[in-house]
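Student: Please take a close look at one part of this model, the place where chain B and chain A meet. What is found across that interface?

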Protein chains: 2
Amino acid sequence: MKTNKLCIMRLSKYKSALYRLKSLGFVRIFSDNLADAVEVTSSQVRKDFSIFDISGNKRGGYKIDELIEKINTILGKDELQKVVIIGVGKLGSALMHYTGFEKEGIKIVAAFDIDALKFKHKDKTPVLPLAELPEFVRKNNIKIGIITVPATAAQQVVEIMLPAGIKGVLNFAPIQLRGNDDCQINNVNLEVELENLIYFVNVLIKTKGK
Amino acid sequence: MKTNKLCIMRLSKYKSALYRLKSLGFVRIFSDNLADAVEVTSSQVRKDFSIFDISGNKRGGYKIDELIEKINTILGKDELQKVVIIGVGKLGSALMHYTGFEKEGIKIVAAFDIDALKFKHKDKTPVLPLAELPEFVRKNNIKIGIITVPATAAQQVVEIMLPAGIKGVLNFAPIQLRGNDDCQINNVNLEVELENLIYFVNVLIKTKGK
DNA sequence: TTACTTTTGTGATATTATTCACAATATATA
DNA sequence: TATATATTGTGAATAATATCACAAAAGTAA
């Protein structure tokens, strides 16, 4: 089974499109429709599915419900995923209260910071001292953490998370963090995303000018 | 000149690493060092540079200042980039006040919403009615917009932005938005990023178990 | 039932991206 | 100055990814 990051990203996107199509009343779907929704080719869709032995019916397409279930299984979404956030700044608290995760079975169970003014031990999603992270992570069997601290603190935070048993980090600090064999780190760099967009907009404007 | 999105993303990352290395006192840099900082190979770095005719000195490496300047020119960062945000929810207001953009020459000049309770005409970064977006965009020659509205509203917002003259959209709504020849849309899907991470963490845990 | 049409599933092929490998050359050293 | 060494720059080779194209199967219509 040959997979790669892009392929898994597409699976997520297929799923999200499937929920939407389902809510519009569709029961079955063709690779063509999914391809449209996610802006890929229909052979890409079928190839992705074949990698994971997802099969439909020739001429009958795929049953949406089955498809969603299979994709969820592949993505490991059978059980609720508990996630912690480190860094309760603007972005951190926005993500903390972001409602989009719950429908995907992802729950932010706690946040951590070093600023005592931000501690909220009694809240539904508590904000706790960073020093308590290792114990919390072990007790609650947390695997995933989101980093939303400033770039200068990010590597230090990783050094605390790894021995605590965190296996996956989604890093929003604008610095490329290094994972290891025991921990996967994915970086989401907002500045880079915007710069990228700016580049292609400039290309667009220049080519139009011709 | 053959470019692609990944290559441009790497340029941004090189630049960010260069700022860091500069602040540590470095003046010259080798492809090796940059490769380390961004987690790519040194030939990747040199290849990327050669695509844009960036050259260093054999045995002398690259001068950091020149490199930063050249990359900024390529990325179109010669002048301040004015950006608007549509959707002043949790994520929107976090991005609105996110300080990381300014050092990259990106300025959020206004935000828009449909909820009158959110309007702040007098603020430094005003929150204005969505209806005023087209006029504002034209008057201020805005090219870039960030979408942080719910998925259900995102496509409608795009339909307002395109005729107003927006050329690039960074979309945070969890739905794949479609651009056209006149407008580039890049999607950042937080749910997808997290799901992706969860997948690879599960793979990690399974393989370790063996 | 039979012929026709549509859609899947997948090897073969094409395209794109990355790494290799090494000549060219700038700098350092003796 | 001559020699040794490190590093770039880039074609060639390799690897990764996506598309093509078509046989096989399943539905539809007559």
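Tutor: The area buried between chain B and chain A is about 6,200 Å², with 65% of that given by carbon and sulfur atoms. Keep in mind that this is a predicted model. In terms of residues, 66 of chain B are in contact with 66 of chain A.

Next come the charged and polar pairs. The rule finds seven salt bridges across the interface of chain B and chain A. One of the pairs that form a salt bridge is B:Glu195 with A:Lys15, whose closest N and O atoms are 2.6 Å apart. Across this interface there are also 14 residue pairs in polar contact, both residues at pLDDT 80 or more.

Several elements of chain B give two or more residues to the side that touches chain A: the helices α1 (5-23), α2 (31-38), α5 (90-96) and α8 (190-209), and the strands β6 (144-147), β7 (168-171) and β8 (184-187). The largest share comes from α8(B), with 16 residues. Sorted by class, the side of chain B that touches chain A has 33 nonpolar, 14 polar and 19 charged residues.

Finally, consider how the two chains are related. A turn of 180 degrees, with a shift of 0.0 Å along the axis, lays chain B on chain A with an RMSD of 0.0 Å. That is the relation of a two-fold axis. The same surface serves both copies, as 100% of the contact residues of chain B recur in chain A. Among the residues of chain B, B:Ala94 comes closest to the rotation axis, its C-alpha being at 3.1 Å.

Technical notes: Residues are numbered from 1 along each chain as its sequence is written. Chains are lettered from A and ligands numbered from 1 in the order in which they are written. This is a predicted model: local features need pLDDT of at least 70, side-chain atom pairs count only at pLDDT 80 or more; totals for chains, interfaces and linings use all residues. Side-chain values use heavy atoms; hydrogens and water are left out. Copies are superposed by least squares on the C-alpha atoms of residues with pLDDT of at least 70 in both. Contact means heavy atoms within 4.5 Å. Buried area is the accessible area (1.4 Å probe) that two parts lose on being put together, summed over both. A salt bridge is a side-chain nitrogen of Lys or Arg within 4 Å of a carboxyl oxygen of Asp or Glu. A polar contact is a pair of N or O atoms within 3.5 Å; within protein, one must be able to donate a hydrogen and the other to accept it, and residues adjacent in sequence count only if both atoms are side-chain atoms. Helices (H or I, at least four residues) and strands (E, at least two) are DSSP runs, numbered from the N terminus. Ala, Val, Leu, Ile, Met, Phe, Trp, Tyr, Cys and Pro count as nonpolar, Asp, Glu, Lys and Arg as charged, and the others, Gly among them, as polar.
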